[in-house]
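Here's a quick tour of a protein chain for anyone just getting started with structures. Open the model, give it a spin, and then read along.

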Amino acid sequence: MTSEPTSESLPSFPPGFLWGTAIGAHQSEGNNLASDWWFAENQPGSRVAERSGDAIDSYHRWPEDLDLAAGAGFLDHRFGIEWSRVEPADGRISLAAVDHYRRVVEGAVARGLRPMVTLHHFTVPLWFAAGGGWTREDAVERFLHYVDALAPVLDAGVVRVETINEPNIVAVLPQLAAGQADLADGLPLPDEALTRAMIRVHRATVGRLRARHPGLDVGWGVSVQDYQPEPGAEDVTETYCEPRDQVFLRAAEGDDFIGVQTYTRGRIGADGRAVRVAGAQLTQTGWEFYPAALGGAVRRVARVVGGVPIVVTEHGVATADDTERVRYVTGALRSLRAAMDDGVDVRGYFHWSLLDNWEWGHWGPTFGLVAVDRTTFARTPRPSLAWLGALAPGAR
Ligand code: BGC
């Protein structure tokens with residue numbers, strides 16, 4: 001399969017711009033037995049359609065994964081640390097798990113990759129969830145206890161930390177899990193108590209990391225789609241975006257970066273609800289194929305927290321056609337560069353995802369630059385891996 005258009009048709013990015021790949025812990029590692037998601041997935045009558053199971057066995061195959069990212073030319077890589085492995089029982093830190101993540105960080109550094117780690121990506125230890133989860137009174141204290149235990153990992157060469165992946169999605173997870181909302185219809189209103197809790201945990205974690213690991217760049221990654229009013233509808237910024245993502249963006253004030261995670265646009269009607277665009281091409285996740293969403297998203301982020309440098313910590317497309325992936329990313333990068341030309345301070349781009357992985361209940365959507373055989377775990381690079389890697393400084 002050929003990948004057109006080629007990198008020649010892409011704008012160039014400034015020297016020092018971060019080019020990375022991204023992957024999450026629970027979606028790739030496999031057998032995260034002590035997590036709340038594992039528990040939910042394996043309950044009789046679970047709402048989770050397909051289990052994560054062995055995932056793509058990245059807990060063991062991480063050297064191969066890092067080889068693929070570094071071999072393609074990337075200099076940055078984002079991956080997750082799984083709290084439920086590090087603290088499988090309340091107060092019991094697994095030194096072996098900490099050591100595992102320390103080796104992954106060292107392995108990345110040895111391959112010339114600057115590690116960005118995500119401390120929380122949707123999953124928590126079952127004991128934490130069973131005790132009330134993020135709204136428990138001791139949530140900050142319990143999370144910081146985990147963060148403190150990661151000192152050997154962070155000191156092994158981590159460059160950037162994303163404290164929490166998509167706190168605004170975390171704040172709607174209970175509604176999604178209960179089947180009360182479907183993301184394809186727009187983002188439900190985040191739970192207010194969860195919103196406050198996520199912001200509290202983030203601020204406390206930034207403070208702790210700055211005190212103990214002053215060299216780290218710390219931020220969090222918010223799910224920001226390009227929300228636009230339906231023709232004829234009012235501006236949606238205050239009504240729709242403010243509670244759904246902007247409140248989380250504002251909480252990044254003073255951080256080293258704000259992570260932006262964009263996949264599509266949302267058209268919001270006069271009644272404040274998302275409207276499907278008639279006849280629009282859809283991706284495997286049912287989201288509109290709309291490459292320019294990335295530029296629209298970072299422009300809005302800059303209007304909300306202009307003083308905080310933006311890093312695109314996730315962007316990609318679920319498609320079975322790799323040529324389409326190249327087309328999507330090409331359009332997105334053009335829109336990103338145009339926003340930068342207009343003054344938006346964007347410092348890097350991490351592609352979601354390096355490998356096909358478990359998509360929160362489904363194995364169907366394929367976001368990867370690399371395909372994975374779910375029986376043998378064999379990794380097969382798609383042409384888009386070399387194509388995107390060729391833009392990274394490591395390839396030049
Ligand atoms: C999440 C990823 C997910 C991706 C595509 C983001 O919301 O952080 O875990 O796989 O979007 O749905």
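Below, we go from the whole chain down to a few single residues.

Keep in mind that this is a predicted model, not an experimental one. In broad strokes, the chain's secondary structure adds up to 15 helices and 13 strands. With a radius of gyration of 20 Å, close to the 21 Å the globule rule gives for 396 residues, the chain is as compact as a globular protein of that length.

**The whole chain**

- If you lay the C-alpha trace along its principal axes, it spans about 55 × 50 × 45 Å.
- Buried residues account for 58% of the 396 residues.
- Take the contacts with a separation of 6 or more: 79% of them join residues that sit 24 or more positions apart.
- The accessible surface is about 15100 Å², and carbon and sulfur atoms make up 52% of that.

**Two helices to check out**

- Helix H12 runs over residues 237-250, and its 14 residues would reach 20 Å in a straight helix at 1.5 Å a residue. Its end C-alpha atoms are only 14 Å apart, though.
- Look for a bend in H12 at Pro243, where the helix turns by about 65 degrees.
- Quite a few residues of H12 are buried, among them Tyr240, Cys241, Phe248 and Leu249. Charged names show up on that buried list too, including Glu242, Arg244 and Asp245.
- Helix H13 (residues 293-304) has twelve residues, which should span 16 Å at 1.5 Å a residue; the ends are 17 Å apart, C-alpha to C-alpha, so that agrees.
- The buried residues of H13 include Ala293, Leu294, Gly295, Val298 and Arg300.

**A small open sheet**

- Three strands form an open sheet in the order E6-E8-E9, and their pairing is mixed.
- Strands E6 (226-229) and E9 (274-275) are the edges: each has a single partner strand, so one side of each has no neighbour in the sheet.
- As background, strands in a sheet pair through backbone hydrogen bonds, and they can do it parallel or antiparallel.
- E6 and E8 (residues 265-268) go for the parallel option, with four bridges between them.
- To find your way around, note that Pro229 stands opposite Ile268 in E8.

**Backbone oddities in the loops**

- The peptide bond from Trp352 to Ser353 is cis, with omega near 0 degrees. Ser353 belongs to the loop between strand E11 (346-352) and strand E12 (370-372).
- Asp57 isn't a glycine, yet its phi is positive, near 55 degrees. You'll find Asp57 in the loop between helix H2 (36-41) and helix H3 (58-72). Its relative accessibility is 13%, so Asp57 counts as buried.
- Phe122 also has a positive phi without being glycine, this time near 75 degrees. Phe122 sits in the loop between strand E3 (114-120) and helix H6 (126-130), and its relative accessible area of 9% makes it buried.

**Thr366 and its contacts**

- Is Thr366 buried or exposed? Its relative accessible area is 14%, and the cut-off for buried is under 20%, so Thr366 is buried.
- Thr366 lies in the loop between E11 and E12.
- Leaving out residues up to four places away in sequence, Thr366 touches several others, including Gln284, Val317, Thr319, Arg325, Asp356 and Arg382.
- Asp321 is 45 residues from Thr366 in sequence, while their C-alpha atoms are 9.3 Å apart in space.

Technical notes: Residues numbered from 1 in each chain as written. Predicted model: local features only at pLDDT ≥ 70, side-chain atom pairs only at ≥ 80, totals over all residues. Heavy atoms only, no water. Helix = DSSP H or I, 4+ residues; strand = E, 2+ residues; numbered from the N terminus. Expected span 1.5 Å × (residues − 1). Bend = angle between axes of the 7 residues up to and from the residue. Buried < 20%, exposed > 50% of the residue type's maximum accessible area, 1.4 Å probe, protein only. Rg over C-alpha atoms; globule rule 2.2 N^0.38 Å. Contact = heavy atoms within 4.5 Å. Areas by Shrake-Rupley, 256 points an atom, 1.4 Å probe, with all protein chains shown as cover. Pairing = 2+ DSSP bridges.
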